[in-house]
Amino acid sequence: MSHCRNQKVPLLDRRTFLKSSAAAGGALIAGVPWVPVHAASPTLKVGTRTIEVNGKPAKVFHIEGPGGTNGLMAREGDRLSGALLNASGEPLQMHWHGQVKAPADQDRARPGGGALAPDLSDMHDFELTPGTHWMHSHTLSEQRLLAAPMVTRERDAGDVQDVVVMLHDFAFRSPLEILAELGGTDAHGGHGAGRGPMPGPARRASAPMQHGPGGGHAMHGMGGHMRGHGGHMMSMTHANDVRYDAYLANERTLDDPQIVKVEKGGRVRLRIINGGTATAFFVSTPGLASRATAVDGVSCQPVQQASYPLAQGQRIDLAVEIPREGGAFSVLAQVEDATFLTGIVLATPGADIARRPAMATQKAELLDLAFEAVLRAATPLPTMRPQASFVAMLGEEAGYRWTINGSVHGEHEPFKVRQGDRAEITFMNPTSMMHPMHLHGHHFQVVGVGGRRFSGPIRDTVIVPAHAPVTIAFDAAHRGSWFLHCHHLYHMATGMMTEVQVS
Ligand SMILES: [Cu+2]
């Protein structure tokens with residue numbers, strides 16, 4: 001049976017529908033084939049809801065899982081088996097970020113994958129990939145919080161409390177307004193349906209400088225980030241080119257944070273997901289020692305640091321132990337190259353929870369490769385010579401056009417790999433910004449940073465800072481055409497996407 005077909009699901013009560021479907025046991029219902037669903041199977045519904053941000057109502061998207069959960073919490077061995085209902089009112093192109101066991105034809109975010117029309121469902125059936133992963137739309141609607149955790153607890157996770165923290169950058173303006181401010185044009189007609197790119201007007205040079213929260217990107221280079229480029233040209237390295245109204249952790253600001261109950265002396269596994277579209281963070285647990293035990297849902301050798309970089313699309317698992325005397329402990333995320341903070345609070349029963357300012361006293365650095373360079377995979381790839389090696393030259397053109405090897409998506413030349421081959425891709429970045437590069441359908445190992453080879457972490461999204469080459473290696477295990485793109489939403493929307501074809 002093929003999956004991911006457009007299927008009309010009546011907008012009845014979802015449970016009644018599932019029950020009747022399950023009872024039918026794979027028979028035809030209303031003339032359409034149905035993948036059997038058992039009672040415990042997760043099924044997802046994308047809708048909208050209103051949250052409050054800075055005291056004002058904001059209509060955002062929401063992905064409801066079984067039993068009303070935000071997204072999906074599963075156990076190793078579980079499958080996503082059932083319907084994804086698009087009740088969002090807009091075309092939907094969902095991406096299962098980090099789900100390397102999802103076949104190519106079950107991910108709408110693929111070349112020619114199209115969009116799921118409103119009120120229709122896609123049928124899915126694939127084994128969930130253990131670890132901290134997530135789902136999000138692959139179009140501008142991601143900015144309106146069309147994203148949710150997709151966490152599958154590992155069999156060996158042990159006796160720990162899982163606490164999922166999803167970060168977002170939030171604006172009351174629409175993503176199209178933001179794109180226009182940046183001077184860019186959506187290359188994908190709003191929903192990534194595969195239309196060709198359109199050149200954007202070269203408005204960037206004349207755009208007014210932004211001075212709100214996160215704005216003023218031209219100023220960000222003033223902190224000593226000027227670096228030599230090409231021996232003669234100097235380019236200003238900057239971050240935060242979008243001005244946001246708030247930074248959210250589990251949909252709340254630090255003025256009114258989520259309080260998660262924990263036990264005195266308890267062990268907690270923080271599963272932190274950067275669902276921000278144009279913002280990278282540093283995460284930290286002040287007052288609590290933490291160890292990074294997984295990146296992008298894949299185990300690494302534990303590393304203890306005071307703070308950890310987390311780019312758009314990336315995840316980090318931090319192990320912490322709550323002191324026996326208890327207390328309240330913040331889990332913070334600070335915007336790179338800025339003072340904005342967001343986060344949640346872990347608190348034992350009866351603990352005093354002090355208010356924390358939503359601004360740090362000092363600006364964070366820009367993300368760099370220092371953390372990457374000390375990370376080691378728990379289970380690295382076997383060493384072997386690659387059958388295919390590619391260079392992905394990241395580029396920046398007037399009019400907010402972001403390119404790979406000189407092309408925007410739609411004009412791109414795919415990287416072609418045979419199934420089973422080891423492939424390597426070296427990212428070169430002469431642009432003014434860091435790019436978190438994400439490959440669909442595969443985990444990869446980071447094997448080179450700053451021109452130095454090493455056996456680094458296994459992950460699915462890697463930061464490529466300005467003027468620092470990064471090399472990844474992966475075994476092309478899964479047949480199909482897989483997007484390879486920058487996880488800065490507005491870079492992707494304006495062209496920074498290509499594909500890896502595995503045949
Ligand atoms: Cu980018």
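A residue is called buried under 20% relative accessible area, exposed over 50%, and partly exposed in between (1.4 Å probe, protein chains only). The exercises below concern a predicted model, in which local features need pLDDT of at least 70 and side-chain atom pairs count only at pLDDT 80 or more, while totals for chains, interfaces and linings use all residues. Residues are numbered from 1 along each chain as its sequence is written, and side-chain values use heavy atoms, with hydrogens and water left out.

**Exercise 1. Classify three loop residues**

Task: Determine where Thr-379 lies and whether Thr-379 is buried or exposed; then treat Asn-54 and His-467 likewise.

Solution.

Step 1. Helices (H or I, at least four residues) and strands (E, at least two) are DSSP runs, numbered from the N terminus. Thr-379 is placed in the loop between helix 3 (370–374) and strand 23 (388–397). Its relative accessibility is 62%, so Thr-379 counts as exposed. From C-alpha to C-alpha, Thr-379 is 8.9 Å from Gln-301, although the two are 78 residues apart in sequence.

Step 2. Asn-54 belongs to the loop between strand 2 (44–53) and strand 3 (56–64). With a relative accessible area of 43%, Asn-54 is partly exposed. Its phi is near 50°, a positive value in a residue other than glycine.

Step 3. His-467 is found in the loop between strand 31 and strand 32. At 25% relative accessibility, His-467 is partly exposed. Phi is again positive here, at about 65°, although His-467 is not a glycine.

**Exercise 2. Describe the copper site**

Task: State which protein atoms are donors of the copper ion and where His-435 and His-491 lie.

Solution.

Step 1. Donors are N, O and S atoms within 2.8 Å of the metal (3.2 Å for Na, K and Ca); water is not among the atoms, so sites may look incomplete. The protein donors are His-435 (ND1), Cys-486 (SG) and His-491 (ND1), lying 2.0 Å from the copper ion.

Step 2. Along the chain, these donors follow the spacing H-x50-C-x4-H. His-435 is in strand 27 and His-491 is in helix 4 (residues 489–493), so the pair ties together parts that are 56 residues apart in sequence.

Step 3. His-435 and His-491 are both buried.

**Exercise 3. Place strand 27 in its sheet**

Task: Give the strand order of the open sheet that contains strand 27, and name the strands at its edges.

Solution.

Step 1. Two strands pair if DSSP finds at least two bridges between them. The sheet is open and has five strands in the order 25-34-33-27-31, with mixed pairing.

Step 2. Strand 25 (415–417) and strand 31 (461–464) are at the edges; each has a single partner strand, so one side of each is left without a neighbour in the sheet.

Step 3. Strand 27 (residues 435–439) pairs with strand 31 in the antiparallel sense over four bridges. Within strand 31, Val-464 stands opposite His-435, the residue that also supplies a copper donor through ND1.

**Exercise 4. Follow the pairing of strand 20**

Task: Find how many residues of strand 20 are buried, and which residues are bridge partners of Val-320.

Solution.

Step 1. Strand 20 (residues 315–321) is mostly covered, as six of its seven residues are buried.

Step 2. Strand 15 (residues 267–274) runs antiparallel to strand 20, paired over seven bridges. Strand 17 (residues 290–295) is also antiparallel to strand 20 and is joined to it by five bridges.

Step 3. Val-320 in strand 20 is the bridge partner of Val-268, and Val-320 is likewise the bridge partner of Ser-290.

**Exercise 5. Examine the surroundings of Thr-471**

Task: Decide whether Thr-471 is buried or exposed, and identify the side chain with which Thr-471 makes a polar contact.

Solution.

Step 1. Thr-471 is part of strand 32 (residues 470–475). Because its relative accessibility is 11%, Thr-471 counts as buried.

Step 2. A polar contact is a pair of N or O atoms within 3.5 Å; within protein, one must be able to donate a hydrogen and the other to accept it, and residues adjacent in sequence count only if both atoms are side-chain atoms. The side chains of Thr-471 and Thr-426 are joined by such a contact of 2.8 Å.

Step 3. Contact in general means heavy atoms within 4.5 Å. Leaving aside residues up to four places away in sequence, Thr-471 touches several residues, among them Glu-424, Gln-445, Val-447 and Arg-453.
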